[in-house]
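Let's take a walk through this one together. Have a look at the fold below, and then we'll go over a small sheet and a pocket.

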Amino acid sequence: ISFMATVLLLSGLAVLPSPYAVRSPGPTRDTLGQDDGTPLIEITGASTYESTGELRLTTVGVSGGPGFPVNLAQVVQGWVDPTRVVAPVETVFPKSVSREELDAQSSAEMTSSQEMATYAALTELGYDVPVTLSAVETAADSGASGVVEPGDVIASLDGEPLTSSEDLLERLETIAPGTDVALGVVRDGTPTDLTVTTGAVEGQDGSRLGVVVQSSFDFPVDVSIQIENIGGPSAGTMFALGIIDRLTPEDEANGQVIAGTGTMDLAGQVGPIGGIRQKLDGAVRDGATWFLAPAANCDEVVGHVPEGLQVAKVATLAEARAAMVAIGAGEGSTLDTCTAG
């Protein structure tokens, strides 16, 4: 009776949802290739060139959380598989957030990632890409409330033209909270100067306007990225490299399979991401011999590089581009790596 009770208990536990999430290597996609028969990156308005190499974005598969709970058997498999990581579900997914909300956020991050990658790639290649900053809303407790209106086009700060949202944030970092600044906007087609008192940023230097700003771009080249069932911002660096490779006559990748990850901002900075170890395993599984990792993730890489894979660290799009060229030219040994400094 005890034996049967134990068997029934374990059988029940094996199928009941567990309070864990399991991270595993996700699929990779070649940004120079096709996704379901459609070129992943399509460009019109400029000459494009073919490449003999591959530039693979990497992903992490996550089981568990809202809508997709894991059972005990899947958790045990995650514990014994060195390519997977098991963590309490609350450390992976925010509490009280539905699967629909998570999917919507992931999709929005992917769209933003594509726009930033396109901007960064085109400016890296010397294109002039006009940026329009528009006010979406203001914080009720800010100096901008009742002063800045939704739809205002933000053009300057203290008389100096603004080129991007990053430019605005960098300038605010040098301004003390409580300062009256002159915000130049275009409202209903008419240039207007507004006086806004800046507020404090909790835990940071500088100040804030209290305005939610949306960036829109006037791209001189039409870049369309087609990818299904993948979200989040971490593919930005590989999108940008794919655009650069397609728009330049040089065969930068030159037959090499290069994988990588990293967010991309308008200033061309490569940002850190989560799940770097699973992405390394996914990359080598899909044939990559080189991996471009954000410099900020290097500490997580050391000691966890799969056999047959070399990891170059990059902090900017310019560095990632130079690494791609060096690898294609057979000069990867000259690169800084996460394991060699």
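## A small sheet and a pocket

Val22 stands opposite Val86 in β8. This is a predicted model, where local features need pLDDT of at least 70 and side-chain atom pairs count only at pLDDT 80 or more, while totals for chains, interfaces and linings use all residues. Residues are numbered from 1 along each chain as its sequence is written, and side-chain values use heavy atoms, with hydrogens and water left out.

Strand β1 pairs with β8 in the antiparallel sense over four bridges (two strands pair if DSSP finds at least two bridges between them). With β7 added, the open sheet runs β7-β1-β8, with antiparallel pairing. Both β7 and β8 are edge strands, each pairing on one side only. Helix α6 lies across β1, β7 and β8, at about 35° to β1 (angles run from 0 to 180 degrees between N-to-C directions of axes fitted to C-alpha atoms, for helices over the stretch in contact; contact means heavy atoms within 4.5 Å).

Helices (H or I, at least four residues) and strands (E, at least two) are DSSP runs, numbered from the N terminus:

| Element | Residues |
|---|---|
| β1 | 20-25 |
| β7 | 60-63 |
| β8 | 85-88 |
| α6 | 276-285 |

Now for the second largest pocket: what lines it? There are 15 lining residues, and the closest to the centre are Leu169, Leu172, Arg208, Leu209 and Val211. A pocket here is an open set of points on a 1 Å grid where a 1.4 Å probe fits, with protein on both sides within 12 Å along at least five of seven lines; lining residues have an atom within 4 Å of a point. Helix α4 gives the most to this lining, five residues.
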